[in-house]
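Me: I'm new to reading protein structures, and I'd like a close look at one part of this one. Could you take the annotated domain and walk me through the strands and sheets, then show me how another region of the chain is put together?

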Amino acid sequence: MKVFCGRANPTTGSVEWLEEDEHYDYHQEIARSSYADMLHDRDRNMKYYQGIRAAVSRVKDRGQKALVLDIGTGTGLLSMMAVTAGADFCYAIEVFKPMADAAVKIVEKNGFSDKIKVINKHSTEVTVGPDGDMPCRANILITELFDTELIGEGALPSYEHAHGHLVQANCEAVPHKATVYAQLVESRRMWSWNKLFPIRVQTSRGEQVIIPPLELERCPGAPSVCDIQLNQVSPADFTILSDVLPMFSVDFSKQVSSSAACHSRQFEPLVSGQAQVVLSWWDIEMDPEGKIKCTMAPFWAHSNPEELQWRDHWMQCVYFLPQEEPVVQGSALCLVAHHDDYCVWYSLQKTSPEKNGRVHPVRPVCDCQAHLLWNRPRFGEINDRNRTDQYIQALRTVLKPDSVCLCVSDGSLLSMLAHHLGAEQVFTIENSAASHRLMKKIFKANHLEDKINIIEKRPELLTPADLEGKKVSLLLGEPFFTTSLLPWHNLYFWYVRTAVDQHLGPGAVVMPQAASLHVVVVEFRDLWRIRSPCGDCEGFDVHIMDDMIKRALDFRESKEAEPHPLWEYPCHSLSEPQQILTFDFRQPVPLQPVHAEGTIELRRPGKSHGAVLWMEYHLTPDSTVSTGLLKLAEDKGDCCWNPHCKQAVYFFNTTLDPRVPLGGPQTVTYTVEFHPNTGDVTMDFTLSDALDRGC
C-alpha cells in the first residue's frame, strides 16, 4: 500500500507531497541504524559475553535455574550468548517490530527457538504470571539500553520498572554497574560551539565590533548533549583543568531510581584558567568484582590506549557550563553532575549542593533563541575568524557606496558586515519567526535596528514595497539554511536568487557568484563499519540482519549519499579531488537538468569505501569557501575537512565487506545530475571489475 507524505524540500523551499511505501519509515530506521556498528564492536561483544557467562555461572552455583530477561534484544545476540552459557530460558524484549521479527528469525537460524522467546513489546508493557508474557520473574537481567550519555535512551525508567515488576530482588545484572566520569577543561574551540564571540571589522570609520546580545551571553545553551568522537579533537584544542572525576555510579543489580538527582565531587584545579567545558564518558562493569570492564574513555584517559576500540554508537560527551568561570590552581571547587530520567548536565560551585542548597533540579534550556536556530557546528562556523575574514575581503571587492544589499541566509551576520563596510542600505530576509526574533535582538544589541531592515516573508512573496521601491544591486548569501542536511541543499540560495530576479537592478552582483560540486574517493579508517555486513558475530550467524539492512538500503538509501562530519572520521583519499558540477548563481535556475559523467582515477593503494562530495562557493573570482576538503596530504592522502560542515558520503556497498580480498580498480565511473524541478542531486558510482586496489 502507498501513502502520501508531505515534506518541505530543503533545496527548492517548496512543500511536496510524495507517494511512499507504507513501510518507508521502517526502512529508513533500519538503514540508518547503528546495528552494524554494534555488531562490529568486538570489545563490547566480548565483554558482554564474559559477563553473561559469569552471571549464569553464579546463578547455577546457587543451585537455581538461570532465567534471563534481555531488554532491548535487537538481533537477539545477548540472549543467544546467555543460552550458550547455560541459561535455562531467555525472554528477549524488543519494541521495534521489524527488529523483533528479525530476532525471531535469527534465533531460529541459530537453533535457539526452544530456549528464547522474543516478545515484541516495550518492557514496561510486559506481564508476569500464569497468563503473562513471562510465567515468573527472571533472576538475570541483561540490557543494552545505553547511549553516549548513558541514560538518554531511557535506561533509568526501564531499569526502575524491571526491578519493580520483572526481575527478582538481588538479581544478577549484566552489566552490573555503570560509572560516569567527567573532566573540566578550557577550550576556545569547543566554547565556540555554544557562544557567539565578538567580531571585529576594520572599516573606513575605524574598528567596528559586532557583539552578542546580553541575553545570548547569559543563556546556558541547548539542553541536549553534544556527542562527538572526542579522540579526533586535538589535545592542542583544550587545556585540562582537573583530574578525571568519577561523578556517579548506577548499580543495575539493585532497584534503580529515575528521579532527578545531583552528585558533587570536590577537586583542586590542576592549573589556573577559564572553566568552560566538561568532557564526560562512562564505563560499564559486567561483573560485581569489576574485572570485566568496557570503557568509553578517550585515549588520554584510557588505561591502555593501544587497545582503544572504535565505535560510533557510543562516543563521548561535551557539556557546556552555563557560564565560563575563572578557576585558580589549588583552590578547591565542586563539580556537580545533575540528571533527571533522560538527561545529564553540569555546574561548577564553590561548595557542595548539600551545603549551599543549590541543586539546580531543572535542566537548563535555551531562552535566547540562538541555540534553537544555530546548532553547535553553526556557532563554530560563525565564530571562525578565518572564514569571516574571507567574506569581509570578498565584500570589500563588490561593495560600492550606493550599494543596496539584500541578504539571504538564515540567521546570518552578513548583513551587519555589509552595513559596516559601507553599503548604503541593507535588507535581510528572515522567513522564520525564530530567525526574525534572533536577528532583531542582535541588531538591537549593536544599535542597528534602524539601519538594517528585516523582511519576514518567503522570498517569492517579496514586493517592491518591502524594498522601499529600490532595486537590489548586491544579493548576498553565505549561503546557509537551517533546513539543509546535505551540501547541495544550500542551493536553495539559487532558487531564492531566481525568485527575486525581478527585484535585481541592472548589473546587480550576486555573491557568491557560483558554486561547484566536488568529489574524492576515499578509504575510511573506521567509518566503513557502520555499513559493513557482519556475517558471524561471536560465533552466531547474523546474516539475516545483514540482509535486512541491505534490503532497507536498497529501498532507496543505497543510491543516496548521507551526511557525516568527516573531521570526526579519519580517511585518506585514493583519488585527487575533482570538480563535477557547476552552478552559476549569476543566472536563474535553468529549466533543464545539469548533468555530468566521467571517470575518477585511483592513484593511491587502498580499499575504495566510498565517494565524498561537498560544495565550494565562489564568492568572487579570487575567493572560494569550501564546505569540504580544506587540504590534502600529498604523500599519504590524509584528508583535512571543514569542521563546521557535514560532507556527503556515498558508500560503495560492494567494498564494505571486510572479507572481500584486495584487488585493484583503476577507475570509478560516475553519473551525477542536478534536477531543477525538484532540487535533487542524483548520483551513481560504479567501480571497475576488481573491487580494491592493492599496493
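Reply: Happy to! Let's start with the record: UniProt, in an unreviewed entry, lists residues 176-350 and 514-688 under "domain: Protein arginine N-methyltransferase". Keep in mind that what you are looking at is a predicted model.

Take residues 176-350 to begin with. The span is 5% helix and 46% strand, and its end C-alpha atoms lie 33 Å apart. Within these residues you can find an open sheet of three strands, in the order E14-E18-E19, with antiparallel pairing. Strand E14 (261-267) and strand E19 (344-349) are the edge strands, and each of them pairs on one side only. On average, neighbouring strands here are turned by 20° against each other, direction ignored. To see one pairing in detail, follow E14 and strand E18 (residues 333-339): seven bridges connect them in the antiparallel sense. One pair to look for is Phe267 with its bridge partner Leu333 in E18.

Now move to residues 514-688, the other stretch that UniProt lists for this domain. Look for the three strands E31-E37-E38, which form an open sheet in that order with antiparallel pairing. Why does one side of strand E31 (594-601) and of strand E38 (680-687) have no neighbour in the sheet? Each stands at an edge and has a single partner strand, so one side is left free of a neighbour there. From one strand to the next, the twist averages 15°. Strand E37 (residues 667-675) runs antiparallel to E38, and eight bridges join the two. Here you can spot Val672 standing opposite Met683 in E38.

For the other region, go to strand E4 (residues 89-93). E4 is mostly covered, with four of its five residues buried. Strand E3 (residues 67-71) pairs with E4 in the parallel sense over five bridges, and Ile71 stands opposite Ile93 in E4. To get from E3 to E4, the chain passes through helix H4 (residues 77-84), making a right-handed β-α-β crossover.

E4 also pairs with strand E5 (residues 116-119): the two run parallel and are joined by four bridges. Tyr91 stands opposite Lys117 in E5. Between these strands comes helix H5 (residues 97-109), and E4, H5 and E5 together make a right-handed β-α-β unit.

As you turn the model, try tracing E3, H4 and E4, and then carry on through H5 to E5.

Note on methods. Residues are numbered from 1 along each chain as its sequence is written. This is a predicted model: local features need pLDDT of at least 70, side-chain atom pairs count only at pLDDT 80 or more; totals for chains, interfaces and linings use all residues. Side-chain values use heavy atoms; hydrogens and water are left out. Buried means under 20% relative accessible area, exposed over 50%, partly exposed in between (1.4 Å probe, protein chains only). Two strands pair if DSSP finds at least two bridges between them. A crossover is right-handed if, with the strands pointing away from the viewer, the path from the first strand over the helix to the second runs clockwise. UniProt positions are given in the numbering used here, feature names are shortened, and annotations may be inferred rather than shown by experiment. Axes are lines fitted to C-alpha atoms, for helices over the stretch in contact, and angles run from 0 to 180 degrees between N-to-C directions.
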